[in-house]
Structures are given as structure tokens and as C-alpha cells.
Amino acid sequence: MWDTEEFGREHEGRPGVLLADGTEPGPVYFDAGSGPTVHRSVDWWVYDGTLGAPLAAELRGACSCGWCGSTRYPLDWETVDRRRPYLADTSGPEGDWDSHIAEVRARTVPVPADLTALLDQVETRLTALVADEPLAALRAVAALERLTERVATDAAFSLDTVDGPQWDTVAQALGISEQAARSRLTRYALRC
């Protein structure tokens, strides 16, 4: 429901639900009849007490990384339009998730300001080039891809120590899970 381009699937946010007893329910499953697949959902509005689903009493911010907000927001089903529940106000949980993302970002390794400015300039120039000369933009992007592949491979190998990288440190510096950090560095290293 909420995401950042920087962290992608590692930090997708959503309103999490709590039942009246304070527990967090598992996914709601919908059996559509015959067939091998059963649809499942953790969208907050499916916890409306109908069709065997539990009834959510409160919302809180939640993230795909496992983080859950501590602030609970009472859920008044009388104010929720059942035809368009996704339009209900979930700004409280979203604000908590935004704060979580700010904390994740604050723990990451900073990109030097001059490089950030340069990357912004490259994006601006390439965007303008797309409108004027799309083939030139594609050629420039190909050059950037070659450059980033070389630099990513060099950076991945530069992290290698006698015992290997400290995965918890790498993960925090990149703002992603240890598994995602291992996957990313392995992908970079295999490009050589």
C-alpha cells in the first residue's frame, strides 16, 4: 500500500490490524471454488467480520520487514464505506510507517552530497533527453548500466574480508534485510 523507490519490497508499508483482544490475525483466505489456488489477503478491510473473517478493532502501521507500530488507532466500522473501504483514513498508521522509514534511512550509509547532486543532474538531463532524443537517452542509459555494473562488482569485492562481510552491518548500511543484502552482493559479484 505504501512504498519507497529506495527500499522497494524490503519496506512496503500497510495498515496492520489488531483484534479486540490485541492479537494480530493471520491472513484471510478466500476459497473461490474449484482449483488449486486459494486467494489470501492481509488488507485491513478484509478483517470486517464477514464470511468467517475476524473483526479488526484497531489499526497500526506495519512493514514488510516485520516492523509494527506501537500506536493503535481505533477502527470504527460505522464510518467505513464497505464498497470503497480503501478510501478510509489510514493517515495515522501511514505516518508511523513514514517515521519507521525515516529511522531506516537514518541508519543507512550516507551517499556523499556531491554524488547525490550529480545523480539528480543526470536524471534531469536524461528525462529531458527522452523527450527530445529517445535513442540518445537509451544509449546513455546503456553506458550508465555498464558503469554501474563495473562499480557494483568492484564494491562487492571490496567488502570481502577474511571471514566475509559482516552481513548485519551491510544490511543496515543499505537499509535492507541480511538476506536481501547477501542476494544483492552475490548478484553484483557474479557480474564479473
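V17 touches T23, E24, P25, W44, Y47, A56, E58 and L59, leaving aside residues up to four places away in sequence; contact here means heavy atoms within 4.5 Å. V17 also belongs to the largest nonpolar core, an eleven-residue set completed by V28, W44, V46, Y47, A53, A56, L59, L75, W77 and V80. Such a core is a set of buried Ala, Val, Leu, Ile, Met, Phe, Trp, Tyr and Cys residues joined through side-chain atoms within 4.5 Å, with buried meaning under 20% relative accessible area, exposed over 50% and partly exposed in between (1.4 Å probe, protein chains only). A second, separate core has eight residues, among them A156, W167, A171 and L185.

All of this comes from a predicted model, where local features need pLDDT of at least 70, side-chain atom pairs count only at pLDDT 80 or more, and totals for chains, interfaces and linings use all residues. Numbering runs from 1 along each chain as its sequence is written, and side-chain values use heavy atoms, with hydrogens and water left out.

On to the strands. Helices (H or I, at least four residues) and strands (E, at least two) are DSSP runs numbered from the N terminus, and two strands pair if DSSP finds at least two bridges between them. Strand β4 (residues 56-63) has seven of its eight residues buried, so it is largely enclosed by the rest of the structure. β4 pairs antiparallel with β1 (residues 13-19) over seven bridges, and with β5 (residues 73-74), again antiparallel, over two. E58 in β4 sits opposite L18, and its bridge partner in β5 is P74.

T90, in the loop between β5 and α1 (91-107), counts as buried because its relative accessibility is 8%. Beyond residues up to four places away in sequence, T90 touches W2, P15, W44 and L59.
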